[in-house]
Amino acid sequence: MSSLGPRRILILFAHPALERSRVNRRLIHAVHDLEGVTVHDLYEAYPDFEIDVARDQALCEQHDLIVLHHPFYWYSTPALLKEWMDLVLEIGWAYGPGGEALAGKEALSVVTTGGRRESYCVEGGNHFTMREFLVPLEQTARLCGMNYLPPLVLHGTHRIGPLEIEAAAAEYRAALIGLRDRTRPVDPTAPVQLLNPEPHTPADA
Ligand SMILES: Cc1cc2nc3c(=O)[nH]c(=O)nc-3n(C[C@H](O)[C@H](O)[C@H](O)COP(=O)(O)O)c2cc1C
């Protein structure tokens with residue numbers, strides 16, 4: 001552990017139908033009990049989209065690493081996470097004159113996609129890379145003075161079986177422990193870090 005001490009991690013978790021989730025339900029369960037990790041389930045807290053801005057700003061201030069964890073919906077976040085950003089990231093708090101509440105903190109996207117890994121490239125069906133699709137989140141973090149870490153991505157959610165989901169959940173837990181304890185090296189040049197187990201079999205592809 002570094003002399004900086006452990007990172008306090010806040011997970012902003014957004015899944016509008018967790019009862020029908022195969023993957024994210026398992027992922028969030030794998031990390032919810034970690035010491036130093038706060039899970040904020042946005043759809044559970046705000047089913048009517050009535051976000052408590054002051055409460056969530058205080059939550060952000062109490063943490064060092066803010067995780068945006070969600071399934072990929074139309075190449076973006078579920079609506080409530082976008083609403084959260086629209087309301088909570090206020091001028092004078094998150095950015096603009098006097099807006100330094102998040103400066104020096106870190107942001108991490110954790111995203112699951114139905115699309116296969118191979119489909120997220122210029123030759124693939126989705127044409128763009130994950131990192132390109134996530135540019136609005138990356139630049140939002142930058143505008144707020146945050147360091148945007150290489151996203152954790154799990155692809156092909158409709159095709160992976162229970163064993164691969166378990167492996168991804170274990171990898172997510174290990175990644176958060178490593179980030180919390182500062183024992184996991186962060187490679188700023190890595191476009192994304194896959195939660196999919198390696199090696200890929202043709203069934204995964
Ligand atoms: C409204 C909606 C939009 C979606 N958009 C995308 C998309 O743009 N790209 C993609 O790869 N998968 C997309 N998917 C698939 C989801 O990402 C996938 O179902 C999810 O990651 C599975 O996680 P879960 O089992 O926790 O629900 C979409 C699914 C829904 C319901």
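Okay, before we start, one bit of vocabulary: when I sort residues by class, Ala, Val, Leu, Ile, Met, Phe, Trp, Tyr, Cys and Pro count as nonpolar, Asp, Glu, Lys and Arg as charged, and the others, Gly among them, as polar. Also, keep in mind that what you see here is a predicted model.

So, let's use those classes on the second largest pocket. Its lining has seven nonpolar, three polar and two charged residues. The lining includes Phe72, Tyr75, Met85 and Phe133, along with Lys82 and Asp86. Which elements give two or more residues to this lining? Those are helix H4, residues 79-88, and helix H6, residues 135-143. The volume of this second largest pocket comes out at about 160 Å³.

Now over to the largest pocket, with a volume of about 410 Å³. It's lined by 19 residues, and the ones nearest its centre are Pro71, Tyr73, Gly114, Thr157 and His158. By class, this lining splits into 10 polar, seven nonpolar and two charged residues.

Last topic: cysteines. How many disulfides does a search of the whole structure find? Zero. Let's look at Cys60 and see why. Its closest cysteine sulfur belongs to Cys144, and the gap is 9.6 Å, so that's too far for a bond. For a disulfide, the two sulfur atoms would have to be within 2.5 Å. Turn it around and start from Cys144, and you land on Cys60, again at 9.6 Å and too far for a bond.

And are these two buried or exposed? Cys60 is buried, at 0% relative accessibility. Cys144 is buried too, with a relative accessible area of 5%.

How values were computed. Residues are numbered from 1 along each chain as its sequence is written. This is a predicted model: local features need pLDDT of at least 70, side-chain atom pairs count only at pLDDT 80 or more; totals for chains, interfaces and linings use all residues. Side-chain values use heavy atoms; hydrogens and water are left out. On a 1 Å grid over the protein atoms alone, a cavity is a set of points where a 1.4 Å probe fits but cannot get out, and a pocket is an open set with protein on both sides within 12 Å along at least five of seven lines; lining residues have an atom within 4 Å of a point. Grid points are joined across faces, edges and corners, and a volume is the space filled by probe spheres set on the points. Helices (H or I, at least four residues) and strands (E, at least two) are DSSP runs, numbered from the N terminus. Buried means under 20% relative accessible area, exposed over 50%, partly exposed in between (1.4 Å probe, protein chains only).
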